[in-house]
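Me: I'm new to this one, and I'd like to know what the labels rest on. Could you walk me through them?

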Amino acid sequence: MKRTALFVSALCLTILFGILSSQAGQTAAGTRSKSAAMRILIVRSAAADCEPSCAEWISAEGDITAATPALLRKVLKATGGRKLPFILTSPGGDVAAGYAMGRLIRRAGLEVTVGRTVLAPCAPGETKCTDTLMKGRRGFANNVGAFCNSACVFVLAGGVARHVFWVSPVGVHQFATSRTLTRWRQTTLNGRVIRRDIVSVSRIKVKTTQAQYDQAARFFDEMGIDPGINELVQLAGNNDIHVMDRSELLATKIITDGQDARGQILKLQAALEVPKTPPPVIASATSTADVPAGLFEGKAMISHIELRQAAEGNGVQASITPSIGDVALPVADLVAIFQIDDTLALSDTPGNILPPAPALTIALAPTAFCSLGSSRSLRFTIGPKAGSSATPETVMVSTGRFRDLDALLDRVCRK
């Protein structure tokens with residue numbers, strides 16, 4: 001009886017209350033559709049004719065959680081140091097994790113493109129084929145439904161180049177700061193905890209401090225983004241979203257150009273391709289592409305570019321017709337620039353033309369044009385002359401965007 005009493009006196013039941021953890025900058029549920037935790041994997045192009053050198057990229061889609069940076073580290077390790085394109089879509093999530101991911105991406109020297117990845121179905125009998133397989137899945141990249149909101153912007157900021165196509169919104173809002181309050185009950189025996197039971201877990205909202213926004217400003221500055229973006233972050237409440245317009249995206253440098261996800265992979269694929277048998281020479285000697293770049297009176301310009309073999313085979317004449325929708329723009333106050341490797345070529349249009357003006361024209365010498373056969377991409381800039389209401393932008397254009405370009409290359413550059 002005495003031993004029993006001693007045992008009971010040694011058994012001490014203690015109920016403790018405390019805050020076990022806190023999180024800052026979680027996106028409020030009302031601002032976005034429900035999403036799963038971010039999936040990150042290495043995807044190989046499922047294009048039918050790309051083997052044995054199919055392009056690969058890192059696909060990241062879903063909510064950013066505290067565990068996401070660790071997953072990104074594993075995937076980056078699996079790349080073996082290759083600088084694969086990082087194609088991203090996310091409604092946001094944990095701010096601290098967004099900072100960590102942005103720094104990991106910058107350290108790895110990766111370009112970030114806002115885009116989506118459509119995974120190809122698993123082949124029959126592929127028992128290990130899952131949506132969470134770190135590498136080995138095949139798919140296609142595009143911009144259908146792609147977006148980057150809230151803490152996703154910190155991941156985007158980490159890219160050494162940051163590509164956002166016109167149809168893919170980038171949104172920011174105030175941080176929603178909360179603390180997680182956990183109540184637990186623990187049982188001790190002779191001063192040792194022998195059992196701990198969680199009684200309840202609740203989350204309470206707390207006011208976001210200016211110090212947290214200052215931390216965001218320092219992060220943006222570290223990434224080379226204009227810290228003025230922080231003012232846009234604080235425009236919308238955490239139950240709302242401020243979708244940045246094109247002028248804001250360019251002015252804050254959160255994007256570098258309007259390259260789309262498909263174009264990014266086409267550019268990479270062109271660099272990987274083994275030279276194939278050149279196509280037969282055809283009678284037509286033109287190649288065309290529609291390229292989005294720049295703003296005119298705040299609206300997005302689309303430039304129709306036509307490349308045509310110049311008279312007597314002396315190089316190529318480029319004709320650039322910018323428009324907004326179906327309305328062609330007067331070009332007297334605009335200038336277009338091609339950069340192919342180290343060669344710059346500017347448009348030559350008289351400044352006294354009354355609208356409607358003809359297209360901008362650029363003359364490309366054979367050596368400059370023919371170097372596209374190896375570089376497989378060019379930089380295209382369109383913007384204002386003095387006094388114009390246009391906003392300039394430079395985009396990287398893959399040769400894969402141009403119809404029949406290989407045939408034109410063969411016709412102009414054949415020896």
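Reply: Here is a short round of questions and answers on strands, helices and cavities.

Reply: This is a predicted model, where local features need pLDDT of at least 70, side-chain atom pairs count only at pLDDT 80 or more, and totals for chains, interfaces and linings use all residues. Residues are numbered from 1 along each chain as its sequence is written, and side-chain values use heavy atoms, with hydrogens and water left out.

Me: How do you know that H3 and H5 are roughly parallel or antiparallel?

Reply: Helix H3 covers residues 95-108 and helix H5 covers 210-222, and their axes cross at roughly 10 degrees, coming within 11 Å. Angles under 35 degrees count as roughly parallel, over 145 as roughly antiparallel, 65 to 115 as roughly perpendicular and the rest as oblique. H3 and H5 are therefore roughly parallel. The axes are lines fitted to C-alpha atoms, for helices over the stretch in contact, and angles run from 0 to 180 degrees between N-to-C directions. The helices themselves are DSSP runs (H or I, at least four residues; strands are E, at least two), numbered from the N terminus.

Me: What makes the contact of H3 with H5?

Reply: Tyr99, Gly102, Arg103 and Arg106 on H3 meet Gln212, Gln215, Ala216, Phe219 and Glu222 on H5, where contact means heavy atoms within 4.5 Å. By class that gives 3 nonpolar, 3 polar and 3 charged residues. Ala, Val, Leu, Ile, Met, Phe, Trp, Tyr, Cys and Pro count as nonpolar, Asp, Glu, Lys and Arg as charged, and the others, Gly among them, as polar.

Me: Why do you say that strands S18 and S21 pair?

Reply: Two strands pair if DSSP finds at least two bridges between them. S18 (residues 334-340) and S21 (residues 377-384) have 6 bridges, in the antiparallel sense, and Val335 stands opposite Gly383 in S21. They belong to an open sheet of 4 strands, in the order S19-S18-S21-S23. S19 (343-346) and S23 (393-398) are its edge strands, each pairing on one side only.

Me: What does S16 pair with, and what makes a hairpin there?

Reply: S16 (residues 316-324) runs antiparallel to S15 (residues 299-309), with 8 bridges joining them. S20 (residues 360-364) pairs with S16 over 5 bridges, and Leu364 in S20 is the bridge partner of Val316. S17 (residues 327-328) has 2 bridges to S16, with Ser323 opposite Ala328. S16 and S17 form the hairpin, with 2 residues between them, and Gly325 in the turn has a positive phi of about 65 degrees.

Me: How many cavities are there, and why are they called that?

Reply: The structure holds 2 cavities of 30 Å³ or more. On a 1 Å grid over the protein atoms alone, a cavity is a set of points where a 1.4 Å probe fits but cannot get out, and lining residues have an atom within 4 Å of a point. A volume is the space filled by probe spheres set on the points, which are joined across faces, edges and corners. The largest has about 80 Å³ and 12 lining residues, including Phe154 and His173 among those nearest its centre.

Me: What lines the second largest cavity?

Reply: That one holds about 50 Å³, and its lining includes Gly258, Asp260 and Arg401. S23 gives the most, with 3 residues.

Terms used:
On a 1 Å grid over the protein atoms alone, a cavity is a set of points where a 1.4 Å probe fits but cannot get out, and a pocket is an open set with protein on both sides within 12 Å along at least five of seven lines; lining residues have an atom within 4 Å of a point.
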